[in-house]
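Take a look at the model below. The walk-through moves from strand pairing to burial, and then to internal cavities.

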Amino acid sequence: MRSPRRSFLPVLALAAVLLAGSAAPVAARPPASAVLAPLPHDFLWGVAASGFQSEGHAPESNWTRYVAADPKLDRYGDSIDFFTRYRSDIALAAGLGVRVYRLGIEWARVQPRPGEWDEAGLGFYDEVIRAITDAGMRPMITLDHWVYPGWAADRGGWRDPGMVDNWLTSARRVVDRYAAADPLWVTFNEPAFYLVNEIRHGALTPADLPTVRDRIVAAHNAIYDHIHAAQPGAMVTSNMAYIPAADDAVNGSILDGITGRLDYVGIDYYYGLSPDALFVPDFDRLWNIPLQPEGIYYALDHYARRFPGLPLYVVENGMPTENGLPRADGYGRADALRDTVYWLQRAVADGLPLLGYNYWSLTDNYEWGSYTPRFGLYTVDVRTDPTLTRRPTEAVAAYTDITARGGVAADYLPTRPPVACSLVDAPAGCTDPVRLPR
């Protein structure tokens with residue numbers, strides 16, 4: 001997930017630096033059917049998490065330093081302690097009926113010093129991946145979720161000309177070790193916002209962006225080739241944080257650089273935008289950002305046009321609340337999930353090649369500086385509950401029902417109707433908006 005504590009201004013600065021991509025014209029949308037078909041039997045329902053955000057017991061990294069240096073950020077502690085509770089958390093995921101469990105491999109845990117591999121750290125991930133496969137799920141492995149070792153930070157992080165080679169040394173070792181588990185792969189989590197966060201914490205300047213962007217593109221392309229050598233038939237992506245009304249400007253040049261080395265398109269979708277709900281996202285208060293569940297349809301349609309023939313996968317989607325309290329807009333987690341899944345089914349019915357969907361996240365975790373935003377199907381109160389008990393939200397039952405039936409019921413209609421003009425994929429969301437059955 002993205003950082004809640006960044007200003008939107010760096011995003012605009014990034015958009016000015018990164019060159020926008022282009023998309024094909026939009027065809028007229030099919031009329032909505034009154035009967036909603038379930039998703040295919042082989043559809044990949046999943047849950048998502050990241051290493052640093054959930055594991056605790058963190059080795060020294062750029063992010064442990066960012067937290068230590070900024071007194072405004074919540075102290076990390078041991079997060080939700082996935083490191084010692086992974087078996088029970090994986091069992092919770094299996095109980096939902098999902099088929100995919102997304103995790104991250106922390107470079108700082110497996111290579112704490114240059115040229116030195118920590119077999120205990122690698123052994124931890126051996127056990128996590130074994131627990132996932134033993135539970136009948138497929139791992140989705142993220143190689144880089146914004147965290148790198150302290151020693152790499154000492155050398156300048158992504159400003160270091162040797163960073164790509166160092167990153168690839170670690171990533172190849174991870175790929176070689178886990179390719180036999182037949183994972184889905186994510187190389188870099190939300191690379192554009194990786195850069196934004198590095199600027200926010202002083203590791204990069206705006207002038208560094210083109211060079212560092214090109215290094216991340218080069219690292220993705222090199223590890224893509226290595227993954228395919230180690231795992232024939234592998235599925236590899238780099239997931240993009242979808243930006244309503246500005247996705248090509250923010251993500252376009254990164255996507256242009258990796259277009260030839262994507263096996264599926266990973267999409268993270270969280271919030272919408274419309275003329276009657278214009279706002280500047282306040283990522284210090286994620287729970288106040290307006291949600292637009294039908295926007296996920298527009299985001300999928302946008303990428304289906306940009307990458308014709310490639311399958312799509314919603315790598316992250318979820319709903320934030322403030323410390324688990326009800327949202328001011330009255331939207332509940334279960335209703336938001338069901339409404340979103342309705343639009344996934346509509347997208348597939350309209351011919352969009354959707355491969356899977358991950359809910360972010362299985363449990364609450366450390367949201368890049370704060371424990372206030374809660375995204376979990378299971379809530380965990382890190383601040384006041386020393387037992388770190390996983391407590392199910394109403395969305396646990398909703399998601400379990402969804403995975404069992406292949407979506408929402410055939411006659412389901414969203415609790416929130418689509419807006420008349422959505423800017424998520426402008427202008428198509430206004431000139432030819434999605435509609436509910438008449």
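In this predicted model, strands β2 and β3 (residues 138-144) run parallel and are joined by five bridges. Leu 103 of β2 faces Ile 141 in β3 across this pairing. Strand β1 (residues 44-48) also runs parallel to β2, with three bridges between them. There, Val 47 stands opposite Tyr 101.

How many residues of β2 are buried? The strand spans residues 100-104, and five of its five residues are buried. In a regular strand, side chains alternate between the two sheet faces. In β2, Val 100, Arg 102 and Gly 104 lie on one side, Tyr 101 and Leu 103 on the other. Both faces are covered.

Strand β2 also borders an internal space. It gives four residues to the lining of the second largest cavity, the largest share. This cavity holds about 100 Å³. Its lining has 17 residues, and those nearest the centre are Ala 49, Ser 50, Ser 54, Phe 82 and Tyr 101. Elements giving two or more residues are α2 (51-55), α4 (82-95), β2 and α6 (119-134). By character, the lining splits into nine nonpolar, five polar and three charged residues.

Now turn to the other cavities. The count is five at 30 Å³ or more. The largest has a volume of about 120 Å³. Its lining comprises 14 residues, with Leu 291, Asn 317, Gly 318, Ala 336 and Thr 340 closest to the centre. Helix α13 (residues 333-349) contributes the most to this lining, four residues. Nine of the lining residues are nonpolar, four polar and one charged.

Key:
Residues are numbered from 1 along each chain as its sequence is written. This is a predicted model: local features need pLDDT of at least 70, side-chain atom pairs count only at pLDDT 80 or more; totals for chains, interfaces and linings use all residues. Side-chain values use heavy atoms; hydrogens and water are left out. Buried means under 20% relative accessible area, exposed over 50%, partly exposed in between (1.4 Å probe, protein chains only). Two strands pair if DSSP finds at least two bridges between them. On a 1 Å grid over the protein atoms alone, a cavity is a set of points where a 1.4 Å probe fits but cannot get out, and a pocket is an open set with protein on both sides within 12 Å along at least five of seven lines; lining residues have an atom within 4 Å of a point. Grid points are joined across faces, edges and corners, and a volume is the space filled by probe spheres set on the points. Ala, Val, Leu, Ile, Met, Phe, Trp, Tyr, Cys and Pro count as nonpolar, Asp, Glu, Lys and Arg as charged, and the others, Gly among them, as polar.
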